[in-house]
Each structure stands twice: as C-alpha cells, then as structure tokens.
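Colleague: I should like to understand how the terms used for a protein model are justified. Please take me through the reasoning step by step.

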Amino acid sequence: KEYPAIEIELADGKKLSLTGKVDRVDIAETEEGKYIRIIDYKSSNKKIKLSDVYYGVQLQLLTYIDALSGDEFIPGGVLYLKLDDPILKTDKNISKEDVEDMIVKSLRMNGLVLSNARLIEAMDKDMGTESNIINLKMKKDGSYSNMPTVTGEEFEKLRGHIRKTLADIGNEIMSGNIKNEPLKRKGATTACEYCEYKLICQFDKDLGNKFRYINEN
C-alpha cells in the first residue's frame, strides 16, 4: 500500500494498472545509492532465463523491481529462494560440517543480479571465487557464470522491455485476441499440459493450430 500501482498506458488511451505483493525486499546502502534486491520464495527450483523474459514468460520479479526502482532505489537483483529441507545423497561417510556445507549449497538462490563486484560482495562477504548464497561463480577474467548478470545499462533496457511487453499484453487483451498459440521451447513440455482451459481452447496441431517457439539462443 506504500507504493502506487504500476500504470501502463495502452494504445486506446486506457491505462493498465498492475498491483502485486513482493515476498521480500533487501536494501544495500552504498556510496552510489541504495540498491534493492527482490527475493521470491518458491517450493521448487526456479531460474531466470533471459529468453523467457524476452518472450514475456518471466515478468513477475522484473516488474516488481521496476515498480520499486527510480529516484530512491537502484535495481540490484531479482532472486528465487527455494524453501526446502533437502535430503542429501552421498556414497561415503562425511562430517557434519560437510553436510551443512552441502545443504547451504543446495539452497543457493538463482536469478539475475547486477554485475557489480562490490554489490555482489555485499550479498556474500565470504564469496571468494564461488558463492554459497547465490548461484554465482567468478571466472578468471572477472566475469560471472552460473546465472545471468547484467550491467546497469542492460538493467534499464530490461525495465523498458518489461513495460513494452506489459503494454503489448494489455493491448492484446483489450483487442479481444484469444488466439490459441501457446509458447513452446525445444524438447520441453508446454503450459498446455497443466492448463485448466484445454477443453475450451481445443488446441490441435492436426487442425492447423501452431505453437510459438522460444528461441533460447
């Protein structure tokens, strides 16, 4: 309630209002300003794929951070935290300390963060070349692997793309477009498998219906 709804202006002059509830927001105060990190709690492992962001499949967390960023806050990252009590498998006897280390690593957060060494150090002060808190590893050239990292300029471009995608979705809704063209990535199941509206949709490739394929390159 402290922050207003996101308002997206549509082609016909109407406005799309979006509200939501963020699970957790962390703030890091630095000389550059206040960075924010959005964390979303999940019951299963989840990652952010930039291809899914591009095609409008993963919008939630980046929409949250766009809503909170601005004059007061700088976007620092969006992460998924799996709530779990993991069962570990090992083929040898290990110490209690090793067990605790394996548990911590199995619960590392995935997502997308700003490629800022000082900010990443603030997220994990004991990181070294690999973090036990976020699924991030530093390469020899100083870049990062295991999950997406972006520059400040790239983060701003993502925010712009998110708003454009939301406007496109709003315009499609207002135009009455309900064409059955589900997204599909190569070798994976589609949302149709769990959809509650299959009997209404009647998607059938034999009747000429087509998927919209996600290019993950």
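**From values to terms**

Modeller: The chain has a secondary structure of 6 helices and 11 strands. Please keep in mind that this is a predicted model. Of its 217 residues, 32% count as buried, and the C-alpha atoms fill a box of roughly 60 × 50 × 35 Å along the principal axes.

Colleague: Why is Tyr54 called exposed?

Modeller: The term exposed requires a relative accessible area over 50%. Tyr54 has a relative accessibility of 54%, and therefore Tyr54 counts as exposed. This residue is located in helix α1, which covers residues 50–54. Together with Tyr55 and Val57, Tyr54 also makes a nonpolar surface patch of about 300 Å².

Colleague: What makes strand β5 mostly covered?

Modeller: A residue is buried when its relative accessible area is under 20%. In strand β5, residues 73–82, 8 of the 10 residues are buried.

Colleague: How do you know that β5 pairs with β4, and what is the sense of its pairing with β6?

Modeller: Two strands pair if at least two bridges are found between them. Strand β4 (residues 33–42) and β5 have 9 bridges, in the parallel sense; Arg37, for example, stands opposite Gly77 in β5. Between β5 and strand β6 (residues 110–114) there are 4 bridges, and the sense is antiparallel. Here Val78 has Leu112 in β6 as its bridge partner. Both pairs thus reach the required count.

Colleague: Why is the pairing of the open sheet called mixed?

Modeller: Strands of a sheet may pair either parallel or antiparallel. The open sheet has 5 strands in the order β3-β4-β5-β6-β9, with mixed pairing. At its edges are β3 (24–30) and β9 (149–150), each of which pairs on one side only. The sheet includes the parallel pair β4 and β5, whereas β3 and β4 run antiparallel and are joined by 7 bridges. In that antiparallel pair, Thr30 has Gly33 in β4 as its bridge partner.

Colleague: What makes up the lining of the largest pocket?

Modeller: A residue belongs to the lining if it has an atom within 4 Å of a point of the pocket. For the largest pocket, 36 residues form the lining, and Lys179, Glu181, Pro182, Leu183 and Arg212 lie nearest its centre. The volume of this pocket is about 1,300 Å³. Elements that each supply at least two lining residues include α1, α6 (198–201) and β11 (212–214). The largest share, 7 residues, comes from α5.

Conventions
Residues are numbered from 1 along each chain as its sequence is written. This is a predicted model: local features need pLDDT of at least 70, side-chain atom pairs count only at pLDDT 80 or more; totals for chains, interfaces and linings use all residues. Side-chain values use heavy atoms; hydrogens and water are left out. Patches are made of residues with over 30% relative accessible area and no salt bridge: like charges are joined within 9 Å, nonpolar side chains (Val, Leu, Ile, Met, Phe, Trp, Tyr) within 5 Å. Accessible areas come from the Shrake-Rupley method with a 1.4 Å probe; for residues, only the protein chains shown count as cover. A salt bridge is a side-chain nitrogen of Lys or Arg within 4 Å of a carboxyl oxygen of Asp or Glu. Buried means under 20% relative accessible area, exposed over 50%, partly exposed in between (1.4 Å probe, protein chains only). On a 1 Å grid over the protein atoms alone, a cavity is a set of points where a 1.4 Å probe fits but cannot get out, and a pocket is an open set with protein on both sides within 12 Å along at least five of seven lines; lining residues have an atom within 4 Å of a point. Grid points are joined across faces, edges and corners, and a volume is the space filled by probe spheres set on the points.
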